[in-house]
Amino acid sequence: MDTKRMAICAISGFLSLALGGTVMAGGPADDKLVIDGEIEIITRTAAPDGHPLGELISGWHYRTEETRALEADSFQNPGMLYVERGAEIWNTVEGDAGKSCASCHEDASETMKGVGASYPKWNEAAGKPFNIELQINECREANMGAKPYKFDAADQKALTTYIKHQSLGMPVGIDLSTGAMQEWWDKGKEVYYTRTGQLNLACATCHEGYNGMFIRADHLSQGNVNGFPTYRLKQADMVSLHNRFRGCIRDTRAEFPPAFSDSLMALEVYVTWRSSGLSVETPAVRQ
Ligand code: HEC
Ligand code: HEC
C-alpha cells in the first residue's frame with residue numbers, strides 16, 4: 001500500500017469511528033444535468049487559478065439517481081414551490097412606504113437576472129460584503145419601511161430562492177476587486193482550513209481531501225454553494241447556506257458562529273469563489 005492510500009485509510013478509519021459509520025470510496029456520477037430538457041447546467045468545470053482542486057464538480061453528481069432526476073424536472077422539484085412563494089412576496093406591498101419589491105425592481109426575470117450569481121458583493125455603506133439575504137433586509141428596512149427578516153424565516157428563504165433562481169444556469173462569479181473583498185476572502189480561507197471541534201476537522205478535511213468518500217449514507221461532495229438555498233429531502237424544507245455551514249460545523253462538534261456573522265460572511269465569500277464557474281442551480285435538490 002502506498003503512502004497516500006495509507007493516509008486515506010487512516011483518515012477513513014478515523015472518520016468512521018468519529019462519525020459512527022463506514023467510510024467507503026466512491027466517485028461522482030457520470031451524468032449531465034439539463035433542466036426540463038432545456039436549460040443546460042454547468043456541473044463540471046475547470047477550477048479558477050489558485051484553486052486547490054483541478055476540476056469543480058457540483059454536489060448534484062454526488063446524489064442518487066432519484067435525487068438527480070428530481071432536480072432535472074422543475075415540475076417535480078419540491079423547491080419550485082418556494083420559487084412560486086417568492087414571486088408572491090416580490091409583488092406584495094409591505095411596510096410604511098407602501099411598496100413591494102416590484103414597485104422599484106419591476107420584473108425580476110429581467111432586473112434580477114445574474115444578480116444571484118454575483119453575490120456576495122461588496123456593500124460600501126455597510127463596509128462589508130452583502131449576500132442576498134442581507135441585501136433583502138437592507139431593502140426592506142431602508143426602502144420599504146418594513147422589518148428585516150429573522151434568520152431563516154420562511155419568507156426570507158423563499159425570496160432568496162426566487163432571486164437566485166433568476167440566475168438559473170448562469171455561472172457563479174464574484175468580484176473580488178471591489179472594496180475589501182480580498183481581505184474577506186483571505187479571512188474566509190483561514191476559516192475553511194482551520195480545524196475545529198472535538199473531532200478536529202476543517203471544511204477542507206471533508207470537502208477537499210475526502211470528497212467522493214461515503215460517510216454514513218452521505219456521499220461527500222466538494223461542498224460547493226451553487227445550489228443554495230437547496231431543497232433537502234431529509235428536512236423536507238429549503239436550507240439556507242448559513243444553515244448548512246452551521247450544520248457542517250456542528251458535525252465537527254464545535255460551537256457555531258451566528259448566521260451572517262463576519263466569520264460566516266467571510267466563509268461565504270471564500271466558498272462562493274471556490275464554486276466559480278459552476279451554474280447556479282437554485283433550487284438544487286439534495287438528500
Ligand atoms: C424604494 C425602492 C426599492 C424597493 C421597494 C426595494 N428595493 Fe431593492 N434596491 C433599491 C435600490 C435603490 C438598490 C441599489 C441600487 C441597485 O443596485 O439597483 C436596490 C438593490 C437591490 C438588490 C441588489 C441588486 C444588485 O444588482 O446588486 C437586490 C437583490 C434587491 N434590491 C432586492 C430587493 C427586494 C427583494 C425587495 C423587496 C423585499 C426590494 N429590493 C425592494 C431600491 C428598492
Ligand atoms: C465531517 C465532514 C464535514 C465537514 C468537516 C464539513 N462538511 Fe460540509 N458537508 C458534509 C456532508 C456529509 C455534506 C452532505 C453531502 C455533501 O454534499 O457533501 C456536506 C455538505 C456541504 C455543502 C452543501 C453541498 C451541496 O452541494 O449542496 C456545503 C456548501 C458545505 N458542506 C460546506 C462546508 C463548509 C464551509 C465547511 C466548514 C465550515 C464544511 N462543509 C465542513 C460533511 C462535512
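A residue counts as near a ligand if its C-beta atom, placed from the backbone, lies within 6 Å of it. Keep that cut-off in mind for this predicted model.

**Two ligand shells**

Start with ligand 1. Around it are 16 residues. Lys99, Cys101, Cys104, Cys139 and Asn143 come nearest. Helix 4 (101-105), helix 6 and helix 7 each give two or more residues to this shell. Helix 6 gives the most, with seven residues.

Now take ligand 2, which 25 residues surround. The closest are Gly59, Cys203, Cys206, Ser221 and Cys248. At least two residues of the shell come from each of helix 9 (203-209), helix 10 (241-251) and helix 11 (262-274). Helix 10 gives the most, with five residues.

The table sets out both shells by residue class.

| Shell | Nonpolar | Polar | Charged |
|---|---|---|---|
| Ligand 1 | nine residues | four residues | three residues |
| Ligand 2 | twelve residues | nine residues | four residues |

**The nonpolar cores**

In soluble globular proteins, nonpolar side chains tend to be buried together. Here the largest nonpolar core has 20 residues. Which of them touch the most other members? They are Leu159, Tyr162 and Ile163. Helix 3 (80-90), helix 6 (132-144), helix 7 (154-165) and strand 11 each supply at least two residues of this core. Helix 7 gives the most, with four residues.

Where does this core lie? Domain 1 (3-74 + 171-286) and domain 2 (80-165) both give residues to the core, so it lies between them.

Look at Leu159 more closely. Set aside its neighbours within four places in sequence, and Leu159 is in contact with Gly86, Ile89, Trp90 and Ile136.

Another core lies apart from the largest one. This other core has 16 residues, including Trp184, Leu241, Met265 and Val269.

**A three-stranded sheet**

Strands of a sheet pair through backbone hydrogen bonds, either parallel or antiparallel. One open sheet in this model has three strands, in the order 11-10-12. Its pairing is mixed. Strand 11 (237-239) and strand 12 (285-286) stand at the edges. Each has a single partner strand, so one side of each is left without a neighbour in the sheet.

How do strand 10 and strand 11 run, parallel or antiparallel? Strand 10 (residues 230-232) and strand 11 run antiparallel, and three bridges join them. In one of these pairings, Thr230 has Val239 of strand 11 as its bridge partner.

Strand 11 thus appears twice in this account: at an edge of the sheet, and among the elements that supply the largest core.

Technical notes
Residues numbered from 1 in each chain as written. Chains lettered and ligands numbered in written order. Predicted model: local features only at pLDDT ≥ 70, side-chain atom pairs only at ≥ 80, totals over all residues. Nonpolar A, V, L, I, M, F, W, Y, C, P; charged D, E, K, R; others polar. Pairing = 2+ DSSP bridges. Core = buried A, V, L, I, M, F, W, Y, C linked by C-beta atoms within 7 Å. Buried ≥ 20, exposed ≤ 12 C-beta atoms within 10 Å, placed from the backbone. Domains from an automatic or database assignment. Contact = placed C-beta atoms within 7 Å.
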